Amino acid sequence: MKKIYLLALTACFGLSAMAQVSVTFRVDMNGQTVSPNGVHVAGSWQEEAGFGGDWNPGVSTMTDANADGIYELNVNIPAGQYEFKYLNGNDWPQEESIPNISQVGGGNSNRFFAVTAWHGSNPLDNDGNPFLPNGFLLPAITFGGSSPSGKVAVRLQIDMTNQTVGDLGVHVAGDAITPNWTPQYGTATLSANNKYAYVTHLDPNASYQYKFLNGDFWGTDESVPGACANGGNRTVVVGTNAVIADPFCFATCDLCAPLVQSTVTFKVNMTQETVSPNGVHVAGNWQEEAGFGADWQPGASELLDGDGDGIYELDVALIGGTYAYKFINGNDWVGADNSNEDVPPACNVGNNREMVLIEGQNLIEFCYEQCTSVCNINPDPADITFRVDMSETAVSPDGVFIIGGFTNPVWQEGATQMTNTGNNVYAATLSVSGSGNIAYKFTNGAPTVVANEENFDFATGGCGVSNGFNGFNRTYTRSGEAETLEAVCYNSCAACVLGLEELELGNVSIFPNPSTERAFFRTENPNGYTLRMNIVDITGKTIRENMVVNTTVFEINTQDLNSGLYFLNVVNERNETATYKLMVQ
């Protein structure tokens, strides 16, 4: 029987909707030989938590303060759904291998969790005592395991194929979830094909009740039919082994009936490419459904050119929906044949192509690495001089490199070291052929170390796209003639602006920095200049301009600024300038 006692807490939720939530990661390293480089955790929450960028393996260090073998890290992040994994070390070769029951699903091999504003609300009951936990404490799962010691992992699942999922998402409640019968805390995560999952950790040799909700409050809960109901709820029986519950259709005792399949014809025009001897393939998050074994397998779905016209084709049957995919000139993601196509920004969604299928015949036709079915002729091969300004970065003794999808072999294996041409501007000239749309990035140090790569969000900055591997690449459209690119600041879409402090202002301070609501710009201004200030974001866009700085302590309202790095450009009546950094959280 569900316990309906949370309606009185609605006001608490509204008050805390924008609050940060305290999240504590925990991993049990007992039985492991801990790396001398320490234990780390990486994921899609790191930028929000102030670690510079997501999926950075060596910056979020966990500690074992009481020497019990359980390593912890506490962070503050906004409510949302996140993915993560633990590392016994500080780089990707040391990450854990996660059991299927604990993976997000749909070809994504990370752990997952969700937090809501309820986790930070700490509401009180009628006696003034905390009613629910404050903060989110992840279970101390064994490294590479599915549950804490002594517990059993249980994956509860529901299929929402026949439902329209509401804005509040899908939740689960029951005595299988802590706190019991509290739907706001049981946020389920979309795993694949309209299926939602929630992983809980329970005592062995017992049975538990639960039910799903198309929302997060009672009244949106499913009516479980009597044939599979116990007191109106679903039941899961737990022994000593991990349990994956069947993904029954919402409010039924049966699996959802298969949806009507449609025929999809993939066609890619390779007339502008040198086709790999390993053939032409297509991969995406639809392959498992279409019978190719697993999603995102680069060598499983081959396209053929039966009539020799340079256009390769493959027919598959899929249910309607939105899918991601990309073509491959070869049969693997990397290799000497430049197998992983760089999808141009105009049709790039998360570094992939996207298709929306409807019932019937669907034709998916593009030119390789282009956004149209009629191929634009690739520009002539030509030299491009790439330049990066390292003025705001401590240069690694191992040097600065450029990596990209146009070298042979591609990316890290074809890395080229750059030369300091003066004023900390590094350059390298490369002969580029093939597609007019190229992708690349710089590394500060050995290119084989992931942590040395630029980790800036080039997609948001306007000079790149997601790379599909929890990072971003720079992009450029070449002309087919020799070109020298502008010197861009390392880890930025804009030119470096520091080092231009010609304006004498005496001692200058900015506080607090980072700022959340307001910051103060303090200057001595010993010459009594008339000062004006512009605020510029990392893309070079002016956010505010011609603000008169007429006091020695000038207040800057940052409440309406998005989180990120800004530059304060200060100028006097003689056009002398000084530039300072301001971080907004």
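Start with the enclosed space: across the whole of this predicted model, a search returns 2 cavities of 30 Å³ or more, and the largest cavity holds about 70 Å³ of space. To see its walls, select D342, V343, P344, P345, N351, N437, I438, A439, V465, N473 and T475, which together line the largest cavity. Colouring by secondary structure then picks out β29 (437–444) and β31 (472–477), the elements that give two or more residues to this lining, and β29 supplies the largest share, with 3 residues. By chemical character the lining of the largest cavity divides into 6 nonpolar, 4 polar and 1 charged residue.

Next, select strand β22, residues 353–357, and show its side chains. In a regular strand the side chains alternate between the two faces of the sheet. Along β22, R353, M355 and L357 point to one face and are buried, whereas E354 and V356 point to the other face and are not buried. Now add strand β21, residues 321–329, which runs antiparallel to β22 and is joined to it by 5 bridges; within this pairing, T322 stands opposite V356 of β22.

Finally, move to the second largest pocket, which contains about 1600 Å³ of space. Its lining comprises 46 residues, and a selection of E47, S563, G564, L565 and M583 brings up those closest to the pocket centre. The elements that give two or more residues to this lining are β4 (70–78), α2 (458–461), β39 (564–571) and β40 (577–584), and β39 gives the most, with 4 residues. Coloured by residue class, the lining of the second largest pocket divides into 18 nonpolar, 18 polar and 10 charged residues.

Key: Residues numbered from 1 in each chain as written. Predicted model: local features only at pLDDT ≥ 70, side-chain atom pairs only at ≥ 80, totals over all residues. Heavy atoms only, no water. 1 Å grid on protein atoms, 1.4 Å probe; cavity = no way out; pocket = protein on both sides within 12 Å on 5 of 7 lines; lining within 4 Å. Points joined across faces, edges and corners; volume = space filled by probe spheres on them. Nonpolar A, V, L, I, M, F, W, Y, C, P; charged D, E, K, R; others polar. Buried < 20%, exposed > 50% of the residue type's maximum accessible area, 1.4 Å probe, protein only. Pairing = 2+ DSSP bridges.
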